[in-house]
Amino acid sequence: MIEYYDISGCYILRPWAMSIWEVMQTFFDAEIKKMKIKNCYFPLFVSSGVLQKEKDHIEGFAPEVAWVTKSGESELEMPIAIRPTSETVMYPYFSKWIRGHRDLPLRLNQWCNVVRWEFSNPTPFIRSREFLWQEGHTAFATKKEADTEVLEVLELYRRIYEEFLAVPVIKGKKSEHEKFAGGLYTTSVEAFVPNTGRGIEGATSHSLGQNFAKMFEINFENEKGEKSMVWQNSWACTTRTIGVMIMVHGDDKGLVLPPKVAPLQVVVIPECYEDANIWGIFDACADVIKSLEEAGIRAEADYRDNYSPGWKYSHWEMKGVPLRIEIGPKDLANNQVRAVRRDNSAKSDIPMADLVKGVKDMLNNIQQSLFDAATQKRDACIHVVHTWEEFTEALGEKKMILAPWCDEEEVEKDVKTRTNGEMGAAKSLCTPFDQPALPEGTLCFASGKPAKKWTYWGRSY
C-alpha cells in the first residue's frame, strides 16, 4: 500500500493504494458533475498577505503551515506558504469572477495535494504531512442554497464510506469548538475503530457563511439591483479514507478489502502437482480470467512457478484480495472451481457454467458482510451515559460515548482538560442528525446543567 519516505511524515502511495483512491475519485467526480460542479486547479503556493487575511482561519492552521523561504541560495523577499487548504488561495479570484446574480452559483472542485507540517506521531494515511484530497469551494446567492449543498455533499461522503469502503459512519454537526476555523458550521461523517477505541473524522462539509465573503469582498448585485454578499461552502475528503478502511476491516493476516474498491477482486491460482495436466489447468485459469474480465470483474491469475500454491494463498490474503479461485486436477475433472473468501475463509465449489453469476453473487455478499460485521462491532462499542462517572468508565473501556450535553464550549474544554492523559483527551466527535429522544429534565453529563442535545464523545485520531 505505502512505502516510507526519507522525510518524516511523508509516504509513497504505491499502485495498490492509488487504485483504491481512483475508484473513490471516479465515483465522487461523476456525482459532483451531476450537481454542475466543475473541476479546476489553483496553484500550490500562497502569499503571506493573502493567507493571513482571515484571522480566525489562519490561526487554526498556523502551526501546520510550511513556508518556502529560499530560492537556490537566495533568500526570498517575502516567504511563500504551501497551501494547507485553499480558501485563501481561491477566494480573491471568486471576488473577481462574481459580479452579478447571473454569475451564481459558482461551484468549483479541485483534486490536489496539501501540506500540513507540524505535528507529532505521523501515521500512514491517517496523519501525514502531505496528502491527496478533493476540495470543493462554492458560492451561492442565498443561505438556503448553500445549506442544501452542505448536506448533499455530506451524503456523497457517507456513500463513499458505507457503499464503497463498507465502513459505517454517523452523520452529524461539529461543536463550535471543533468546527472549521472561520466557518459558520461544520458537518461531518464520523467513523469509529473498535480495535483502538478511537473515533475518526471521515470527511467534512462546511458552511462558511459570509465570513470569507466579507474578508475577500465577494459581492454581487442581486435581482433587485442591491449589493449583497455571497454564501459559501467548502468540503473535502482525503486519502485518510483508505486508512479508516484498513483499520476497520484488517485482521492478523493483513488487509481485508471490500470488493467495490479492491484493485484486484479475484485472484486465480493454479494448483499444479506431479502428474497433473499443467497446461489443461493453465488453460482453465485463462478461460476463467477471460470470462470474469468480460463481465467487468477485476481478475488476474498467478502463474509464478517459483512459489507454491500455499505461499500464494498467504501472499494474496495479506494483500486483501476479496476472493481466491483455485483450479487443480480435481476441479478440472469436475468442470468447476474452488472459491475461497478472504473475509471469513469460507470455501465453496462453483460449476464453470455458473462462474460469472456465482462470483458476482459472492463478491456482493462479501461487500455486504463486511459492512454488517463492521456495523455490529461499532454498535457494540457505543455506550449511552448520563453521568460523569459513567462517562469516565466508558472512556476507560475505549468506547464511543453518546451523552446528553448542555452545548457550552467551556464545558467541552473542561472535558478535554479533565480527561487528558497518556492516551490523549476526550472530545466531542459530532452531534448526530438522528437525535434520540431527550426527556425533559435531562441534565448534561459533565456540567449538571439542562441538556440541549445528544452528542458523541471519545478519543480520536
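Two strands count as paired if DSSP finds at least two bridges between them. Strands (E, at least two residues) and helices (H or I, at least four residues) are DSSP runs, numbered from the N terminus. Residues are numbered from 1 along each chain as its sequence is written. The model is predicted, so local features need pLDDT of at least 70, and side-chain atom pairs count only at pLDDT 80 or more, while totals for chains, interfaces and linings use all residues; side-chain values use heavy atoms, with hydrogens and water left out.

**Exercise 1. The eleven-stranded sheet**

Task: Find the order of the strands in the open sheet of eleven strands, and say which strands stand at its edges.

Solution:
- Step 1. Follow the sheet across: the order is 3-7-8-14-11-10-9-22-23-21-20, and the pairing is mixed.
- Step 2. Look at the ends. Strand 3 (38-39) and strand 20 (382-384) each have a single partner strand, so one side of each has no neighbour in the sheet.
- Step 3. See what packs on the sheet. Helix 11 (residues 355-380) touches strand 9 (170-173), strand 10 (185-193), strand 20 and strand 21 (400-405). Contact here means heavy atoms within 4.5 Å.
- Step 4. Read the angle: the direction of helix 11 makes about 35° with that of strand 20. Axes are lines fitted to C-alpha atoms, for helices over the stretch in contact, and angles run from 0 to 180 degrees between N-to-C directions.
- Step 5. Check one pair. Strand 22 (residues 427-432) and strand 23 (residues 453-458) run antiparallel and are joined by three bridges. Cys430 has Tyr456 of strand 23 opposite it.

**Exercise 2. Strand 10 and its partners**

Task: Is strand 10 buried or exposed, and which strands pair with it?

Solution:
- Step 1. Fix the terms: buried means under 20% relative accessible area, exposed over 50%, and partly exposed in between (1.4 Å probe, protein chains only).
- Step 2. Count: nine of the nine residues of strand 10 are buried, so the rest of the structure largely encloses this strand.
- Step 3. Recall a rule about strands. In a regular strand, side chains alternate between the two faces of the sheet.
- Step 4. Sort the residues by side. Tyr185, Thr187, Val189, Ala191 and Val193 are on one side, with Thr186, Ser188, Glu190 and Phe192 on the other, and all are buried.
- Step 5. Turn to the partners. Strand 9 pairs with strand 10 in the antiparallel sense over four bridges, and Gly172 has Ser188 as its bridge partner in strand 10.
- Step 6. Strand 11 (residues 198-209) also runs antiparallel to strand 10, joined by nine bridges; Phe192 is bridged to Gly199 in strand 11.
- Step 7. Find the turn: strands 10 and 11 form a hairpin with four residues between them, and Gly197 in this turn has a positive phi of about 70°.

**Exercise 3. The three-stranded sheet**

Task: Work out how the three strands of the other open sheet are arranged.

Solution:
- Step 1. The order is 4-6-5, with antiparallel pairing.
- Step 2. Strand 4 (45-47) and strand 5 (66-71) are at the edges, each with a single partner strand, so one side of each lacks a neighbour in the sheet.
- Step 3. Neighbouring strands here are turned by 50° against each other on average, direction ignored.
- Step 4. Strand 5 pairs with strand 6 (residues 74-82) over five bridges in the antiparallel sense, and Val68 has Ile80 of strand 6 as its bridge partner.

**Exercise 4. Two buried residues**

Task: Describe the surroundings of Lys312 and Val340.

Solution:
- Step 1. Lys312 lies in helix 9 (residues 309-318) and is buried, with a relative accessible area of 3%.
- Step 2. Not counting residues up to four places away in sequence, Lys312 touches Ile269, Asp302, Tyr303, Arg304 and Tyr307.
- Step 3. Val340 belongs to strand 18 (residues 336-341) and is buried too, at a relative accessible area of 4%.
- Step 4. Leaving aside neighbours within four places in sequence, the contacts of Val340 include Pro322, Leu323, Glu326 and Ala346.
- Step 5. Compare sequence with space: Val340 and Tyr313 are 27 residues apart in sequence and 9.8 Å apart in space, C-alpha to C-alpha.
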